Amino acid sequence: MRVLVTGGAGFIGSSFVRSTVARRPDAQVTVLDALTYAGDLSSLASVSDDVTFVRGDVADADLVDDLVSRADVVVHFAAESHNDNSLVDPSPFVRTNVVGTFTLLEAVRRHGTRLHHVSTDEVYGDLALDDPNRFTETTAYEPSSPYSATKASSDLLVRAWVRSFGVHATISNCSNNYGPFQHVEKFIPRQITELIEGRAPRVYGAGLNVRDWIHVDDHNEAVWTIIERGTPGETYLIGADGERSNLDVVRDLLAIFGRGADEIEFVADRAGHDLRYAIDSTRLRTELGWEPRFTDLAAGLASTVDWYRANEAWWRPAKVSTEERYARTGQ
């Protein structure tokens with residue numbers, strides 16, 4: 001199988017590439033990535049001899065058409081994905097998430113190529129902290145930030161191209177990922193690296209916002225399950241029943257570092273901060289037989305801490321600029 005992975009040098013995409021090379025040695029993998037600040041070619045160093053890397057923009061129609069013409073399946077991870085950045089400047093999110101997805105859809109339509117589109121649970125908005133419900137495949141879209149709005153737009157484009165043009169595509173909406181190689185601007189690696197440097201972790205508001213955490217390896221095994229067993233035109237939600245408040249996650253990390261549970265710096269809350277995400281992945285589990293392997297979040301966090309401790313050379317170059325950017329907004 002010839003596999004084109006867009007955004008394959010990012011956090012989730014590079015994990016997908018590494019696991020694909022390791023577990024599916026017959027796959028011929030091509031990575032397309034623009035190598036913006038969140039893409040890092042060193043994340044693919046261990047598989048550099050096993051993949052073809054192309055630096056380029058997913059919104060570049062000629063380049064995308066050429067790559068798609070030589071692929072059997074496209075796995076579309078490429079996205080601008082950080083909420084804070086989308087509040088500062090939404091324009092890159094519109095270009096990559098909307099225009100880039102449109103460009104890819106036109107290419108797979110021309111060439112009849114299979115597409116899997118990777119999306120987020122944030123398209124559904126948020127739930128009350130005491131709401132007994134969770135997001136399902138039929139939950140209405142209510143995005144609340146430029147990031148989630150552009151991802152919702154990309155999902156709707158895929159659905160329209162499936163219905164109008166018969167594009168052979170599936171969609172997955174996943175909960176919050178964690179694990180090795182995640183950029184230090186993201187919640188968990190930011191807290192880990194602050195603790196490594198001896199500082200107190202920073203938490204928005206009162207830290208009561210709840211996220212549904214999943215290890216990146218579980219996410220990517222689910223993606224392969226959908227590619228191999230999913231029904232074209234359908235959407236599948238990926239989650240590992242990992243609901244925890246931000247405060248609980250930070251306290252778990254403090255315990256791993258042997259720090260006091262109250263050594264936390266609370267900062268002004270983010271604009272439009274969603275309260276709670278919660279995924280119901282029943283369909284994926286019952287219809288396609290997928291199950292998560294990393295079901296103990298505390299253990300997963302401990303192994304992630306070990307990775308960041310052992311790989312300071314990977315994350316430290318981005319740490320200073322990231323913290324300078326947060327400092328300008330008091331975060």
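**Notes on the predicted model**

1. Start with burial: 55% of the protein's 331 residues count as buried. Keep in mind that this is a predicted model.

2. Next, the overall build. The protein has 11 helices and 12 strands. Its radius of gyration is 19 Å, which agrees with the value near 20 Å for a compact globule of 331 residues. Along the principal axes, the C-alpha atoms fill a box of roughly 55 × 45 × 40 Å.

3. Now look at who touches whom. Among contacts with a separation of 6 or more, 81% join residues 24 or more positions apart.

4. On the outside, the accessible surface is about 13400 Å², and carbon and sulfur atoms supply 50% of that. As for charges, there are 33 positive and 49 negative ones, and their mean positions are 1 Å apart.

5. Aromatic rings deserve a look too, with 13 aromatic pairs in the whole structure. One of them is F16 with W224, a stacked pair at 5.6 Å centre to centre and 15° between the planes. F16 sits in helix α1 (residues 11–23) and W224 in helix α7 (residues 216–229), so this pair ties together parts 208 residues apart in sequence. Both F16 and W224 are buried.

6. W161 and F165 make an edge-to-face pair, 5.3 Å centre to centre with 65° between the planes. Both belong to helix α5 (residues 146–165), four residues apart, or about one turn of the helix. Are these two buried or exposed? W161 is buried, at 14% relative accessible area, while F165 is partly exposed, at 41%.

7. Last one to find on screen: Y124, F135, Y141 and Y277 form one aromatic cluster.

Key: Residues numbered from 1 in each chain as written. Predicted model: local features only at pLDDT ≥ 70, side-chain atom pairs only at ≥ 80, totals over all residues. Heavy atoms only, no water. Helix = DSSP H or I, 4+ residues; strand = E, 2+ residues; numbered from the N terminus. Rg over C-alpha atoms; globule rule 2.2 N^0.38 Å. Buried < 20%, exposed > 50% of the residue type's maximum accessible area, 1.4 Å probe, protein only. Contact = heavy atoms within 4.5 Å. Areas by Shrake-Rupley, 256 points an atom, 1.4 Å probe, with all protein chains shown as cover. Lys, Arg positive; Asp, Glu negative; His and termini not counted. Charge placed at Lys NZ, Arg CZ, Asp CG, Glu CD. Phe/Tyr/Trp six-rings, centres within 6.5 Å; stacked < 30°, edge-to-face > 60°.
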